Amino acid sequence: MKFKVGASEKLDMLKFKNLGIEREKIINSSYIDAIKFDYKLNNLVNEIHPKEIKVKVANIINENLETKTFELKPINGTLPNFKAGQYIVLDINKNNHTYKRSYSISSSPKNLESYQITVKRVRNGLVSNYLLNDVKVGMEFTIHGPFGEFTYNKFRDMPDVLALVGGSGITPIMSLARAINDKAEDFNLTIIYGDREEKDLIFKKELDELASQNEKIKVKYLLSDEHSSVYDTGLISKDIISEYEIGKYSYFVCGPIHFYHHLNEIFKELDVPNKYIRHDIFKENEILRHIKHELTVLTNDEEVTIPCYEDEPLLQALEEASIDAPRKCLVGVCGFCRSKLVDGKIRTDETSLREADKDYNYIHPCVSYPLSDVTIKLCK
Amino acid sequence: MNYDAIVIGAGNGGLVSALKLQKEGKKVLLLESHNTVGGVATSFIRGRFEFEASLHELCGFGNENNVGEVYELFKDLDILDKIKMNEIDETFHVITLDTKEEYTMPVGVSNFINKMEEYVPGSKESMEKFFDLCKENQEALNYLNESKGNVDAKVLKSKYHDFMIYASYPLEDVLESIKMPKKAREILSTYWTYLGSPATELSFVHYASMIYSYVNLHPVISSKKSHELSLALYEKFLSLGGDAKLLTTVNKIIVDDNKVKGVVTSDDKTYYAKVVIANVSPNLVYGKLIDIEDVPIKARQLTNARILGARGICVYLGLNKSPEELGLKNYSYFIYHTLDSKKEFERMKKLKNDNMVGVVINNAVPDASPKGTTMLYLTGLLFSDIFTKVVTKDNYFDLKDAISENFIETFEKATGVNIQDAIEEIEVATPLTFARYTNHPDGVIYGYLAKKSDNLLPRMMNQNNEDYVEGLYFAGGFASRLSGYSSTYKSGEMSALKALAKLDKKEVAKDEV
């Protein structure tokens, strides 16, 4: 087949031969200024998603006997915007260890002067006790984030949200309520806040104020260990959830893991589709360290063997041994601690591993517990 | 520490380079700033959905009976037994918003031609001609690849005569010259967004090679998202003894006397090597990683002469109904206002443009998400820096919402399918997201704009003349094969071959075309 595209076959051929020469000419006539990797968008990444932020404790508020709110102000520059419901990771340097813990921001996203985190004492909790006992105004910390998907999305979530809260799970919900009041979010929020006794409730005064001032916010309390004429007694039950029309509400569940499991059973019984359920969980199991194994940790440069225990997440064993493993959420959701199980048996909590990761024995050490001596390889 | 080669960035190009070199017995260090490999060839989890980050369909693969170049590459790299590919029984499906047209094109050359004849009576002869040219085009490109720069002009002239004639022209000009009816030209050009330039700018060679590989070889998609492919390459590399450091950023490439010497990483370690393969942008390499006085003038000139290509916007949707329940029958939904690619290209310079490609991955991989659910990806491109101009720290979340709304509403309008009520998970990636995960300038996802002298052929013809720093080669979407999965995989192979030639002290022959 003979054909031409331009004026003549000959010219087409010439054009072809000149493609490289043309390119060369354009390069040679281009300007010689030095290249500078300075792009507004790439610079903005560092403002919106900085690798770390240095902060100072600007204020400490006693919420109740066992709970304090820490107000963290940036030492330099501004804080990233965040969505109510997100968390930060706080680095705590203590006894030559760096502990990383995730805390939901409890303050309003409209306030970027500071982030507030609210910490409740966990029995024998190393970090919570340190924060409540030893941290003073003026102390400096490094934080990371904000991260997390426990946030309201108008395309996904219903205009009415029922927040089901267990104990200190109130912290991200507080941020959501404050966000509604500050018009940073726009939805109707009904909070059912369960705790043991009245004295354990956090933010009660402000929640009552918000509920009385803002028609979009409602709050109900439920005490499990105290009988009173003012509050309902018991746990969040099927009957209580059934009072709210199924299909009309999105459920935001926040509390300890057993609380989440309890509610999940109820949702199953009530046939609530997944679409309506969002959760943010934390773990406060006491670690007894009875059954001991050996954990061998491989990195590119070294191999270390440390003790680990059957009821202790591998990540915590690493932390105890001052091995700086990547970590963020600590509850098996974010995937940042992803490591490879080289040898040994583990048990793992519910976690979000990619399908292909499973084929190559990747695990999330934050929710993995040893059942034998174990070898893992970190990604660093 | 000393290595033969250091690869910066574990994207498609970097992974292939690293594995190829390791497989050839070289000592390789692969450095990646994130905690997993693949660059945008990865996946992420939201609730019970594992979302594909970027792969729509892989071209150039085929199968054992009809082997494409990516199949051959993966065979050479010995990873075929680690991946499972699924054929997609549709080349593309396009809907126009303003002109209310809809076309679904099948796979297989004769099916494709017949279907086009059905849509555009009288197009058959020109379509046959088109596929003849495609075939020659493929053979000519193979010849150019295999000759590794030692091109015999006589062979070209005798065997690939037509190729030489159309090679310097854009798609539109060649289609006109073979008298393809306008409507057929428009339909055929549907894929133009995948390459990032309108039919009037896009090189015929490039477009023909892509569409031929889709139509002739079947588009495919991996079972476990592109993460499966990235991980297969990476794990093979590790199993052969390759060293990799994730969560490690390269802060500096050491150059001395115009020769690459090594790199300095974010943990303040220095690694030495004769070869560095950069699976990052030349803008980053010449603008930040190499000391300013060590950047050759020609490298500056080349980089300054280029235009950044498309920025991407993706809305990832996890829907709580099956594709059948929703009424989503097709794999792909190319949605444009019209089929006039030049006009649409201009429209896509504006932030509020709603041209997109929707992909329903379950229609090729039914268990890509839990039973009774659907994963739908809506991807749009921006051919300007408008997003950068508009975005601020304070309006970013609102901008993401506006993008989601725009895309979801248009998709519903184009298809008549209600997706809003089924949204169980939603995530949005903007140019800022891509800038965060790739550090590409301005968050571009397609490297440089494929236009005129920066089209495929001129890049390939001059590729051996543009390695301005000795021992430094580029892989990935900014390199000579341009962007896209199959291209970036091949770019990784090409840079590895250059590196091997250098390490084994063979001279790379000059291109004689």
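Which strands of chain A does helix 4 (residues 126-134) lie across? Helix 4 of chain A crosses strand 2, strand 3 (87-94), strand 4 and strand 5 of chain A. Its direction is about 115 degrees to strand 5 of chain A; angles run from 0 to 180 degrees between N-to-C directions, with axes fitted to C-alpha atoms, for helices over the stretch in contact. Helices (H or I, at least four residues) and strands (E, at least two) are DSSP runs numbered from the N terminus.

This is a predicted model, in which local features need pLDDT of at least 70, side-chain atom pairs count only at pLDDT 80 or more, and totals for chains, interfaces and linings use all residues. Residues are numbered from 1 along each chain as its sequence is written, and chains are lettered from A in the order in which they are written.

Now the sheet. Six strands of chain A form an open, antiparallel sheet in the order 4-3-6-1-2-5. Strands pair if DSSP finds at least two bridges between them. Strand 4 (97-104) and strand 5 (115-120) of chain A each have a single partner strand, so one side of each lacks a neighbour in the sheet. Six bridges join strand 2 (residues 67-74) to strand 5 of chain A. Phe70(A) has Ile117(A) as its bridge partner there.

Chain B holds an enclosed helix. Eight of the eight residues of helix 12 (residues 282-289) of chain B are buried (20 or more other C-beta atoms within 10 Å of a residue's own, C-beta atoms being placed from the backbone), so the rest of the structure largely encloses this helix. Among them are Leu284(B), Tyr286(B) and Lys288(B).

Terms used
A residue is buried if 20 or more other C-beta atoms lie within 10 Å of its own, exposed if 12 or fewer, and partly exposed in between; C-beta atoms are placed from the backbone. Two residues are in contact if their C-beta atoms, placed from the backbone, lie within 7 Å.
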